[in-house]
Amino acid sequence: QVQLVESGGGLVQAGYSLRLSCAASGRAFSIYGMGWFRQAPGKEREFVAGISWTGRSTLYADSVKGRFTISRDNAKNTLYLQMNSLKPDDTAVYYCASTRRTYSGSPSDRREEYDNWGQGTQVTVSS
């Protein structure tokens, strides 16, 4: 099992940027696909971005495409989410997660494909 801890959230004005990090402990980080999800108050948790175990393949929700970039550094056991041109609608708790299956060549946007979650980090974007 991989333990996941998110960081980097905060309060920013619309148009600014934040970079989230997800530090993984455990030796198996590099063989799992990873993803970022978010949950706003009163809403379901939704997919934001996913990345394959190699980092070569990525997938984004339409709402963040062109603004957010997911990446990973397997040597550092860390997942990142660079968020640019932030909007008030991006306000949510952001969670990182790892997939059930190892060696996932294609990122998944299905929540049920992920079985290991961090505790979340709050991102608030003011207008």
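User: In the hairpin of β7 and β8, which residue takes a positive phi?
Analyst: Strands here are DSSP runs of E with at least two residues, numbered from the N terminus. This hairpin has four residues between β7 and β8. The positive phi, near 55°, goes to N77.

User: What pLDDT do local features need in this model?
Analyst: Residues are numbered from 1 along each chain as its sequence is written, and side-chain values use heavy atoms, with hydrogens and water left out. The model is predicted: totals for chains, interfaces and linings use all residues, side-chain atom pairs count only at pLDDT 80 or more, and local features need a pLDDT of at least 70.

User: Over how many bridges do β7 and β8 pair?
Analyst: Pairing takes at least two DSSP bridges between the strands. In this antiparallel match, F68 stands opposite M83 in β8. The count for β7 and β8 is six.

User: In β8, what is the bridge partner of S21?
Analyst: β3 also pairs with β8, antiparallel and over six bridges. One of the bridges takes S21 to Y80.

User: Why is β8 said to be largely enclosed by the rest of the structure?
Analyst: Go by burial, where buried is under 20% relative accessible area, exposed is over 50% and partly exposed falls in between (1.4 Å probe, protein chains only). β8 counts as largely enclosed because, of its six residues, the number buried is five.

User: Which residues touch the most other members of the largest nonpolar core?
Analyst: A nonpolar core links buried Ala, Val, Leu, Ile, Met, Phe, Trp, Tyr and Cys through side-chain atoms within 4.5 Å. This one has 33 residues, and the elements giving two or more of them include β3, β7, β8 and β9. Topping the list are W36, L79, L81, M83 and Y94.

User: How far apart in sequence are the parts that C22 and C96 tie together?
Analyst: The search found one disulfide, meaning cysteine sulfurs within 2.5 Å. Its sulfur atoms, from C22 and C96, are 2.0 Å apart, and both cysteines are buried. C22 lies in β3 and C96 in β9, so the separation is 74 residues.

User: Is that disulfide of C22 and C96 right-handed or left-handed?
Analyst: Look at the torsion about the S-S bond of C22 and C96, about 55°. With that torsion, the disulfide is therefore right-handed.

User: What is the relative accessible area of S85?
Analyst: S85 is in the loop between β8 and β9. Its phi is positive, near 50°. S85 is partly exposed, at 41%.
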